[in-house]
Amino acid sequence: MTVEAPETNTGDGSLYATAKKIYPQSVKGRYRNFKWAFMAVSLGIYYFLPFVRWDRGPGAPDQAVLIDFPARRFYFFFIEIWPQEVYYLTGLLILAALILFLMNALAGRVWCGYMCFQTVWTDLFMLVERWVEGDRRERMQADRQSMTSKRVGKMLFKHFLWLMIAWWTGGAWVLYFADAPTLVTELAFGQAPMVAYVWIGILTATTYIMAGHMREQVCVYMCPWPRIQAALTDEWALNVTYRTDRGEPRGSLKKMKARAAEGLDAGDCVDCGQCVAVCPTGIDIRDGAQLECIQCGLCIDACDNIMDKIGKPRGLIDYDTDVNIQRHLEGKESIYRFVRPRTIIYVGMITLVCGLMVFSLINRRLVDMNVLHDRNPLFVSLSDGSIRNGYTIRLINKASTARDFELSLVDVPQGFTMKAVGIESRDETSMIVPIDQDITKELRIQVFAPPKTQLDKSQPVSFSVRDAETGEAQIVQDYFKAP
């Protein structure tokens with residue numbers, strides 16, 4: 001698909017083009033309704049999800065979705081991610097990228113038109129603007145007239161509402177990083193941490209500027225996805241297209257009726273300009289595929305409404321493929337190919353990543369252990385001829401209750417012993433280590449080889465940790481260093 005880049009050369013050699021103010025008109029239709037529904041659901045989730053509770057047992061936070069930086073945990077309903085499990089985050093990012101690629105292969109920039117945060121918040125800000133200042137015609141007329149006190153009052157009220165939305169957007173974001181009801185109370189009484197106020201201020205400013213003022217400029221000039229998307233799409237992907245074979249030659253309804261009466265070609269497009277008036281980026285889709293088009297489908301709704309009024313079939317502007325555009329010009333029927341090598345590959349990779357993550361979650365261990373051998377000195381020769389090695393062992397209890405862990409020295413030559421600083425040994429090679437719920441515990445371990453033992457310079461040794469209640473165990477191998 002060939003996509004035209006936005007025009008930036010003004011003819012005088014400058015690459016800067018002054019932004020033209022766009023007055024998007026309201027429109028009714030199936031795609032507009034879907035966008036309203038998606039906006040309501042997505043914003044509802046974003047604003048109120050921090051207040052949803054989830055019982056994880058005594059002592060654990062009960063916020064369903066919580067990024068707990070002090071405790072180094074990420075909670076998502078029944079899932080608790082530790083810092084050692086950051087690969088889950090990597091899996092989610094890979095999954096998000098693959099889903100984005102699949103959506104692009106099926107329906108072009110459908111993400112931009114319906115789901116991108118810039119689109120969602122810009123839609124909300126435009127809704128407020130129309131409610132306060134009127135629709136496209138009223139706003140254009142007001143901008144052409146002199147400023148009045150009534151006009152100033154409307155503008156101040158609009159910006160006040162925009163700032164309130166932006167403020168609540170920033171406020172909702174910080175609620176994901178602390179207990180939401182507690183933080184709301186602290187914010188109300190000025191007792192919240194300074195970092196919360198700073199982030200609310202930053203997100204309030206960025207939301208107000210990007211959704212209220214920059215709008216389509218973000219999509220056209222700041223976002224890299226349109227450039228990447230153009231390299232990933234193909235001729236079978238659905239995009240918003242204008243059916244030239246039906247619409248041309250275009251002209252007013254009266255002119256087209258006259259041409260039809262004379263037996264001349266008369267297109268269905270009555271050149272009403274409604275597709276341009278409702279476009280949030282101000283383009284004319286009849287000029288072909290353009291970088292500014294976010295595939296929101298509002299021009300489809302506007303055109304369908306006009307077609308209904310003049311008694312023409314819908315679909316003069318619709319989601320279609322480059323292949324079908326050419327087939328229509330040749331007088332052939334539309335064909336669609338959603339199942340093709342790239343979509344099969346994307347679906348396969350999404351299934352694989354989902355399967356791996358689900359398998360990993362199902363088999364997730366609640367007992368874990370990290371072993372680190374002392375680097376200096378590697379070993380110590382004692383006066384009685386024995387050799388001592390030092391280790392730092394971190395035991396991890398991911399369970400929601402306190403547990404007793406059995407730590408043992410295994411797979412070592414006869415006579416090896418183990419001691420821990422501050423922990424009483426059960427016998428010469430094992431000990432019981434009590435660990436509270438949902439924490440880690442670090443131990444200083446010393447392993448001794450008896451005198452006159454024939455040892456290699458690097459002798460394999462293994463440490464075993466076992467949950468005394470559930471029997472879940474893990475074995476970690478390391479090395480015993482000798483002269």
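## A tour of cavities, pocket, cores and surface

Select helix α4 to begin: α4 contributes five residues to the lining of the largest cavity, the most of any element. Everything on this tour belongs to a predicted model.

**Stop 1: the largest cavity.** Keep α4, residues 117-133, on screen and add α9, residues 216-222; each of the two supplies at least two residues of this lining. In total, 14 residues line the largest cavity. Which of them lie nearest its centre? Show T119, T122, M126, P280 and I294 as sticks, since these are the ones. The space they face amounts to about 120 Å³. If your viewer draws cavities, note that the count here comes to five cavities of 30 Å³ or more.

**Stop 2: the largest pocket.** Now move to the largest pocket, with a volume of about 720 Å³. Its lining has 22 residues, and those closest to the centre are F74, I81, Y88, L89 and L92. To see the secondary structure that lines the pocket, select the strands β1 (65-68), β2 (73-76) and β3 (79-81), then the helices α2 (87-107) and α16 (341-362); these are the elements that give two or more residues to the lining. Colour α2 separately, as α2 gives the most, with six residues.

**Stop 3: the nonpolar cores.** Select I445 and F463 next. Within the largest nonpolar core, which has 26 residues, these two have the most contacts. Around them, display the strands that give two or more residues to this core: β6 (367-373), β8 (387-397), β9 (403-410), β10 (417-420), β12 (430-435), β13 (439-449), β14 (458-467) and β15 (473-481). Then leave this core for a second, separate one of 23 residues; C269, V270, I283 and Y319 are among its members.

**Stop 4: a nonpolar surface patch.** Switch to a surface view and select W173, M194, V195, Y197, V198, W199 and I202, which make a nonpolar patch of about 670 Å². Which helix gives the largest share? Helix α8, residues 194-214, does so with six residues.

End on W199, which lies in helix α8. Is W199 buried, partly exposed or exposed? Its relative accessible area is 43%, so W199 is partly exposed. Why can a partly exposed residue belong to the patch? Because patch residues need over 30% relative accessible area, and W199, at 43%, meets that cut-off.

Key: Residues numbered from 1 in each chain as written. Predicted model: local features only at pLDDT ≥ 70, side-chain atom pairs only at ≥ 80, totals over all residues. Heavy atoms only, no water. Patch = residues over 30% accessible without salt bridge, like charges linked within 9 Å, V, L, I, M, F, W, Y side chains within 5 Å. Areas by Shrake-Rupley, 256 points an atom, 1.4 Å probe, with all protein chains shown as cover. Salt bridge = Lys/Arg side-chain N within 4 Å of Asp/Glu carboxyl O. Helix = DSSP H or I, 4+ residues; strand = E, 2+ residues; numbered from the N terminus. Buried < 20%, exposed > 50% of the residue type's maximum accessible area, 1.4 Å probe, protein only. Core = buried A, V, L, I, M, F, W, Y, C linked by side-chain atoms within 4.5 Å. 1 Å grid on protein atoms, 1.4 Å probe; cavity = no way out; pocket = protein on both sides within 12 Å on 5 of 7 lines; lining within 4 Å. Points joined across faces, edges and corners; volume = space filled by probe spheres on them.
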